[in-house]
Amino acid sequence: MAPTHLKVFAVEAHDRALIVTPQGDIETFRYQDIHVETNSLLDFVKRNRPDALLVDFSSVDLIGSLMFASLIKLARHFEDANKVACFCSATEPMQQALHTMRITSKWSYFENRADAVEFLNEAMDQ
């Protein structure tokens, strides 16, 4: 079961994967909201131990450094636990930001959610 009552992130469980979709950025949410929800997600992950993370950017055009830092913190938690994380569905400007920040050299990126979920399912079955 995914955490509920979040406003910064839409979160859903998909098999053994956690799908996190940012709903805005610092222009939409306060720093405190992003910080609290990121910590809530990390606590949820530590308690429930999903096997994979998918960050889906389909609800945002571009995010700033605070949101990026939060999502990277979450992805690193999965990496540190020898689990898989990936990203998908970014706009062209977001893809440029992912590339510039070298996120795509560390974690896989997919054009759409279906391809990302397929990748995660294959990775979790190995």
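This short talk goes through the aromatic residues, a pair of packed helices and a few single residues of one model.

Before I start, please keep in mind that the model is a predicted one, and that the numbering runs from 1 along the chain.

Let me begin with the aromatic side chains. A pair of aromatic rings is described by the distance of the centres and the angle of the planes. The count of such pairs in this model comes to four. One of them is formed by F57 and F87, whose rings are stacked, with 5.9 Å from centre to centre and 5° between the planes. F57 sits in the loop that runs between β3, residues 52-56, and α2, residues 65-80, while F87 belongs to strand β4, residues 84-88, and so the pair ties together parts of the chain that are 30 residues apart in sequence. Both partners, F57 as well as F87, are buried. If we look at the wider arrangement, ring pairs join F57, F68, F87 and W107 into a cluster. At W107 there is also a charged neighbour to mention, since K106 lies over the face of the W107 ring, at 5.8 Å from the ring centre.

I would like to stay with F87 for a moment. Which residues does F87 contact, once its neighbours within four places in sequence are left aside? The list consists of L54, V55, F57, I72, A75, I103, W107, S108, Y109 and F110. The relative accessibility of F87 is 2%, and because buried means under 20%, this residue counts as buried. As for I72, which is one of those contacts, its C-alpha atom lies 10 Å from that of F87, and the two residues are 15 apart in sequence.

Now to the helices. Two packed helices are described by the angle between their axes and the distance between the axes. For helix α1, residues 31-48, and helix α2, the angle is about 10° and the axes are 10 Å apart. The two helices are therefore roughly parallel to each other, given that angles under 35 degrees count as such. On the α1 side the contact is made by Y31, I34, T38, N39, L41, L42, V45 and K46, and on the α2 side by L66, M67, S70, K73, L74, H77 and F78. Sorted by class, this contact has nine nonpolar, four polar and two charged residues.

Two of the residues in that contact deserve a closer look, namely T38 and S70. T38 lies in helix α1 and is buried, with a relative accessible area of 5%. Apart from residues up to four places away in sequence, T38 touches F9, S70 and K73. S70, for its part, lies in helix α2 and is buried too, at a relative accessible area of 7%. With the same exclusion of residues up to four places away in sequence, S70 touches I34 and T38. As a long-range reference, the C-alpha atoms of T38 and E122, which are 84 residues apart along the chain, are separated by 27 Å.

Next, a word on the backbone. Most residues other than glycine have a negative phi. Against that background, I would point to N82, where phi is near 60°, a positive value in a residue other than glycine, and to S89, where phi is likewise positive and near 60°. N82 is placed in the loop between α2 and β4, whereas S89 is placed in the loop between β4 and α3, residues 92-100. Are these two residues buried or exposed? N82 is exposed, with a relative accessible area of 73%, whereas S89 is buried, with a relative accessible area of 17%.

The last residue on my list is P93, which is found in helix α3. With a relative accessible area of 47%, P93 is partly exposed. The C-alpha atoms of P93 and D61 are separated by 7.5 Å, although the two residues are 32 apart along the chain.

To close, I would come back to two points in this predicted model: the cluster in which ring pairs link F57, F68, F87 and W107, and the packing of α1 and α2 at an angle of about 10°.

Definitions and conventions. This is a predicted model: local features need pLDDT of at least 70, side-chain atom pairs count only at pLDDT 80 or more; totals for chains, interfaces and linings use all residues. Side-chain values use heavy atoms; hydrogens and water are left out. Rings of Phe, Tyr and Trp (its six-membered ring) pair if their centres lie within 6.5 Å; planes under 30 degrees apart count as stacked, over 60 as edge-to-face and the rest as tilted. Helices (H or I, at least four residues) and strands (E, at least two) are DSSP runs, numbered from the N terminus. Buried means under 20% relative accessible area, exposed over 50%, partly exposed in between (1.4 Å probe, protein chains only). A charge sits over a ring if NZ of Lys or CZ of Arg is within 6 Å of the ring centre and within 35 degrees of the ring normal. Axes are lines fitted to C-alpha atoms, for helices over the stretch in contact, and angles run from 0 to 180 degrees between N-to-C directions. Angles under 35 degrees count as roughly parallel, over 145 as roughly antiparallel, 65 to 115 as roughly perpendicular and the rest as oblique. Contact means heavy atoms within 4.5 Å. Ala, Val, Leu, Ile, Met, Phe, Trp, Tyr, Cys and Pro count as nonpolar, Asp, Glu, Lys and Arg as charged, and the others, Gly among them, as polar.
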